[in-house]
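Please open the model in your viewer and keep the selection panel at hand. The tour goes from one residue pair outwards to the sheet, the helix on it and the contact between chains.

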Number of protein chains: 2
Amino acid sequence: MSILDWLLGRALATHEEEQQQLGPTAGIPVLGLDALSSAAYGPEAALTLLLPLGALGLRWVGPITLLIVVILSIVYFSYRQTIAAYPGGGGSYTVASENLGPRFALLAGAALALDYVLNVAVGISAGVGALISAVPSLLPHTLLLCLGILLLLTLINLRGLRESGIAFLLPTYAFVGTLGVVILIGVVKAIAGGGHPTAVSPPPALPAATQAASLWILMRAFASGCTAMTGVEAVSNGVPIFRQPRIQMAQKTLTAIIALLIVLLAGIAYLSWAYGIGATDPGKPGYQSVLSMLVAAVVGRGLFYYVTLGAIVTVLALSANTSFADFPRLCRVLANDRYLPGSFAVRGRRLVFSQGIFLLAVLSGALLIGFGGITDRLIPLFAIGAFLAFTLSQAGMVVHWRKLGGKGARTSLLINGAGAVATGITLVVVAVSKFAEGAWLTIVVVPLLVFFFSRVNRHYLRVAQQIATIAPLELPELTAPIAVVAAGSWSKLTQQALKFALRLTTDVYVVQIRTERDVIEDLADSWDLLIGNPARAAGIPPPKRVTLTSDVRRFFGPFVDFVQKLEHDNPGKDIVVVIPDLVMSHWYENILHNNRGAFLRTLLRMRCGSRTVVVNTPFHLQE
Amino acid sequence: MSILDWLLGRALATHEEEQQQLGPTAGIPVLGLDALSSAAYGPEAALTLLLPLGALGLRWVGPITLLIVVILSIVYFSYRQTIAAYPGGGGSYTVASENLGPRFALLAGAALALDYVLNVAVGISAGVGALISAVPSLLPHTLLLCLGILLLLTLINLRGLRESGIAFLLPTYAFVGTLGVVILIGVVKAIAGGGHPTAVSPPPALPAATQAASLWILMRAFASGCTAMTGVEAVSNGVPIFRQPRIQMAQKTLTAIIALLIVLLAGIAYLSWAYGIGATDPGKPGYQSVLSMLVAAVVGRGLFYYVTLGAIVTVLALSANTSFADFPRLCRVLANDRYLPGSFAVRGRRLVFSQGIFLLAVLSGALLIGFGGITDRLIPLFAIGAFLAFTLSQAGMVVHWRKLGGKGARTSLLINGAGAVATGITLVVVAVSKFAEGAWLTIVVVPLLVFFFSRVNRHYLRVAQQIATIAPLELPELTAPIAVVAAGSWSKLTQQALKFALRLTTDVYVVQIRTERDVIEDLADSWDLLIGNPARAAGIPPPKRVTLTSDVRRFFGPFVDFVQKLEHDNPGKDIVVVIPDLVMSHWYENILHNNRGAFLRTLLRMRCGSRTVVVNTPFHLQE
């Protein structure tokens with residue numbers, strides 16, 4: 001176990017939970033990385049779609065960003081209320097479950113689960129992509145780098161909440177700090193320059209317009225820009241990770257994240273308009289990210305440029321971490337409602353839900369491997385899940401306030417209602433404008449997930465129904481069982497099994513299966529000497545000897561048939577099958593033994609009724 | 001099971017064995033393919049090494065082939081005797097085991113085993129190589145073709161002896177027939193042409209000599225030519241596959257194989273001399289196999305040429321089949337002597353030793369995959385194993401005749417003695433001349449195999465020693481066991497387990513493990529109602545309730561500790577641990593349940609003593 005201690009830290013006691021909980025300082029890196037890192041790609045995504053408009057496109061950056069910021073603010077206020085109303089976490093799933101019923105809850109749960117998995121794959125892959133565009137010689141190692149980062153994130157998260165908070169502190173604040181400084185300098189320069197500052201390192205000239213602005217283009221630009229809002233629901237899903245006073249801590253964290261995000265988005269939009277920075281075509285030579293051009297225009301390509309770009313790359317690669325904080329908690333609430341196996345609700349050695357972390361690592365790892373570490377094509381899938389969850393959560397809150405009633409509730413209802421309408425419209429816009437790019441896949445995967453969850457739930461309900469009882473113990477009649485000893489040749493193993501059987505009952509069958517006749521000696525040869533006479537001498541009925549054979553050398557079939565017949569012929573009696581079991585002193589010695597005992601046990605378990613139980617009498621081999 | 005029936009045929013009864021046994025007609029394809037196919041590469045290998053001698057090299061083909069034929073004849077006579085003396089099969093291993101002791105036997109066994117595995121990989125790869133040189137567009141599929149043929153051979157052999165005999169009949173006789181006809185026509189033409197026939201399609205002119213003949217070159221040419229003798233031991237290893245009179249059948253088969261091989265070798269040697277056909281450099285453009293040039297020279301490049309070449313390619317690819325006939329039987333004799341697991345001595349559904357067939361397929365498949373289907377570099381390893389086995393077998397026969405004594409024995413002793421000396425010298429020549437090409441690897445692998453066999457044997461001896469007993473059953477004191485029920489919440493599962501425990505003994509502990517406290521209800525809450533009162537009412541001591549907890553949420557540790565303590569505190573009593581076991585109606589439902597029961601059973605088996613046994617009480621879930 002010492003390697004686990006070294007890798008993950010000592011096991012934490014349950015009462016140490018509180019010390020693991022976070023405040024806003026660590027909460028921002030743990031739950032905010034996803035939202036904040038969106039600033040690095042949301043504006044870029046919108047600008048890319050405005051490319052055909054040429055220089056005129058920049059005019060629209062302001063309005064589009066404004067719209068996004070307005071929706072973001074609405075979403076902020078409504079999630080603030082969700083946090084207060086549902087401090088148990090689970091976010092959209094919980095809200096929908098309490099207010100809209102299980103169907104909508106599952107829809108939200110499935111959308112969120114898919115979103116989290118995609119977020120890990122896309123986030124890591126985007127970070128590695130940015131790193132590779134800086135250091136092209138790493139290209140052949142794309143997948144390896146992706147999987148390495150995934151492994152790192154998994155390990156850090158398995159080490160517990162506190163440790164991930166600490167690990168991501170520096171990159172997060174470096175990102176916010178450097179980008180904030182750039183925006184501050186840029187805005188000061190822009191104002192000093194009367195709205196038209198001179199770039200230190202000028203961006204490439206914008207291409208000529210090939211199209212006029214149309215509603216369709218603007219809609220698609222808006223939909224792409226909305227990816228900047230993904231990750232905003234994270235705090236409301238992860239409320240329980242905060243220390244007391246929990247609601248205030250979570251709300252403070254959410255406020256900080258949204259405020260930072262708005263500053264970053266607005267700053268980037270303003271500066272790209274002021275400096276005349278448009279997107280460059282991603283697939284073509286000479287491509288540069290918007291942020292790279294923007295930082296270079298404001299501060300030039302000096303040391304600070306590289307530090308800022310380094311922080312952006314790091315935060316992109318680590319933005320996946322938000323999923324690691326929330327996905328396991330989503331699995332936990334799903335498990336508590338019996339939509340997933342109960343083990344997702346069990347805390348591991350470091351008080352995190354290790355099974356959810358594993359599952360997320362496996363699923364996103366599979367995506368990364370399947371796409372070879374390049375997941376661009378998954379990006380369109382992504383915003384839909386988030387906005388579906390947003391909308392369901394807001395709609396749920398509307399129902400919640402309506403049920404609650406009262407004065408304060410009316411204002412809250414209005415805020416959440418506005419949120420529901422805004423995010424609902426955005427959802428439709430995103431879905432329509434990204435349908436062809438692959439968003440249709442979400443429409444396939446989410447229902448499949450909902451179906452899966454329902455089937456799992458049905459299974460657990462069936463089990464619960466069949467095993468549930470409140471009846472007190474009925475004391476059984478003390479009928480002695482029938483024992484069946486699976487015997488080989490006469491050995492200490494057989495002897496031990498037979499002794500055990502005789503301690504249970506005097507009704508014992510010793511069954512020898514002789515298919516390859518020359519392989520084991522016939523017990524009949526020395527039966528009386530070894531077994532019959534000693535039993536008679538002790539005054540107990542001697543065990544009954546049974547020899548099973550098979551023309552076609554079937555070993556297990558005849559034995560199972562025999563036990564089934566016994567069970568059938570002796571209603572009301574337990575059948576205890578005793579199988580001698582040779583326990584090796586080293587695990588690798590097992591390959592030298594056919595594990596017939598284990599196979600026989602499995603077969604009897606499947607084929608016989610509940611009155612047949614199997615006992616292995618272990619014989620421990622000495623060194 | 002119907003898919004197995006379709007793939008492998010119905011299970012054969014043990015008494016059907018005789019109908020599966022072969023005569024010489026089917027015996028030649030089954031056991032002779034390896035030896036006969038050697039004619040396709042042995043002469044070529046010798047001629048390749050004579051290349052530097054130019055046209056003068058052809059002078060030496062006759063003497064070298066003569067030497068090989070002489071040794072082959074000696075080997076033939078001595079294996080004839082081996083067959084008569086050891087009709088149980090196992091060849092070199094058995095002979096060495098009976099006469100030279102276990103060390104030499106293992107050496108022969110290891111050499112043979114390695115040889116068989118190499119033969120499969122090299123044979124298939126050579127056949128595919130020949131096919132690809134005819135149809136170069138198949139090159140990218142080399143490995144797939146190799147593995148496909150391996151799968152085919154495996155399946156055919158799993159279908160039983162008879163079926164493989166029938167399957168390989170046609171290719172074998174097509175090979176011998178077409179090549180025989182070519183040789184006959186060639187010899188007639190050569191004699192008619194006064195020793196210098198005119199080629200229908202003339203071979204390329206021989207290159208100028210770059211070296212003079214030296215002992216070293218001739219020695220290496222001889223050593224390479226000796227690969228023509230591999231596979232000759234097959235019949236003596238596989239005697240039990242023949243029908244009665246077994247010895248005569250086997251001897252007839254061996255005679256036929258050797259006679260055919262000698263005719264082919266001598267014919268090829270004579271014709272390449274007569275037509276002036278030398279090898280061409282394999283690595284260079286314009287490469288043609290010797291047999292291709294020879295067939296073209298004798299009959300021209302018409303239809304018959306292609307039929308003959310097709311037969312050669314097929315036989316090369318299928319030559320691996322001899323290993324499939326013999327390797328499993330070698331494993332069987334090794335298993336009977338406890339050098340391998342006993343399951344290698346168990347006949348599968350079609351009365352062949354299926355485990356040995358699987359192992360051979362897996363090992364040679366791994367070699368093919370490891371070398372990407374191109375196994376040229378393994379060829380040098382190959383003849384050494386064969387000649388080591390030859391030599392040990394002959395030497396063993398010398399000791400055998402010496403022990404036997406008498407008149408006939410003296411002649412036999414002389415024949416085998418000559419064989420031992422001839423093959424021993426050849427072994428040294430082959431080893432020396434191929435050492436640098438990779439034969440040293442054999443010197444590493446064979447001792448490792450011997451070491452492995454010895455360790456396996458030691459393990460089985462240790463087991464046998466520890467479990468062996470001839471003491472009759474001692475009847476136990478009838479001490480009731482202590483039962484420990486691993487309980488969850490109160491359910492039919494727990495109830496069933498508790499009832500089972502109470503039927504065994506009144507000394508019952510009900511143990512609840514509560515690590516995540518909120519997950520299962522505390523049995524203490526309703527203990528008296530559900531369990532205590534009913535027991536008291538029935539006048540038996542109520543079960544003892546135990547609640548185990550763990551600060552760090554360890555589930556299994558506390559339970560195992562508890563059982564260990566019980567075992568320690570109650571010497572002389574059995575501890576029966578009863579674990580409720582929910583049996584699913586579909587296998588895939590198992591992923592929805594943590595298999596804590598199975599894990600707990602395994603832990604108890606490893607950590608507790610032999611007085612602790614585990615019982616799973618199965619509760620079968622209904623549809």
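Select A:Gln512 in this predicted model, and you will find it standing opposite A:Thr547 of β3(A). Widen the selection to strand β2 of chain A, residues 508–513, which pairs with β3(A) in the parallel sense over five bridges.

Next, show the whole sheet, which is open, has ten strands with mixed pairing, and follows the order β3(A)-β2(A)-β1(A)-β4(A)-β5(A)-β5(B)-β4(B)-β1(B)-β2(B)-β3(B). Its edges are formed by β3 (544–548) of chain A and β3 (544–548) of chain B, each of which pairs on one side only. On average, and with direction ignored, neighbouring strands of the sheet are turned by 25° against each other.

Now add helix α18 of chain A, residues 492–504, which packs on the sheet and touches β1 (482–487), β2, β4 (575–583) and β5 (612–620) of chain A as well as β5 (612–620) of chain B. The direction of α18(A) makes about 150° with that of β4(A).

Where do the two chains meet within the sheet? Select β5(A) and β5(B), which run antiparallel and are joined by three bridges; here A:Val615 stands opposite B:Val615.

Then colour the full contact between the chains, in which 66 residues of chain A are in contact with 65 residues of chain B. On the side of chain A that touches chain B, α18(A) gives the most, with ten residues, and by class this side has 39 nonpolar, 16 polar and eleven charged residues.

Finally, zoom out to chain A, whose domain assignment gives domain 1 (2–463) and domain 2 (482–620), with C-alpha centres that lie 61 Å apart.

Conventions:
Residues are numbered from 1 along each chain as its sequence is written. Chains are lettered from A and ligands numbered from 1 in the order in which they are written. This is a predicted model: local features need pLDDT of at least 70, side-chain atom pairs count only at pLDDT 80 or more; totals for chains, interfaces and linings use all residues. Two strands pair if DSSP finds at least two bridges between them. Helices (H or I, at least four residues) and strands (E, at least two) are DSSP runs, numbered from the N terminus. Axes are lines fitted to C-alpha atoms, for helices over the stretch in contact, and angles run from 0 to 180 degrees between N-to-C directions. Two residues are in contact if their C-beta atoms, placed from the backbone, lie within 7 Å. Domain bounds come from an automatic or database domain assignment. Ala, Val, Leu, Ile, Met, Phe, Trp, Tyr, Cys and Pro count as nonpolar, Asp, Glu, Lys and Arg as charged, and the others, Gly among them, as polar.
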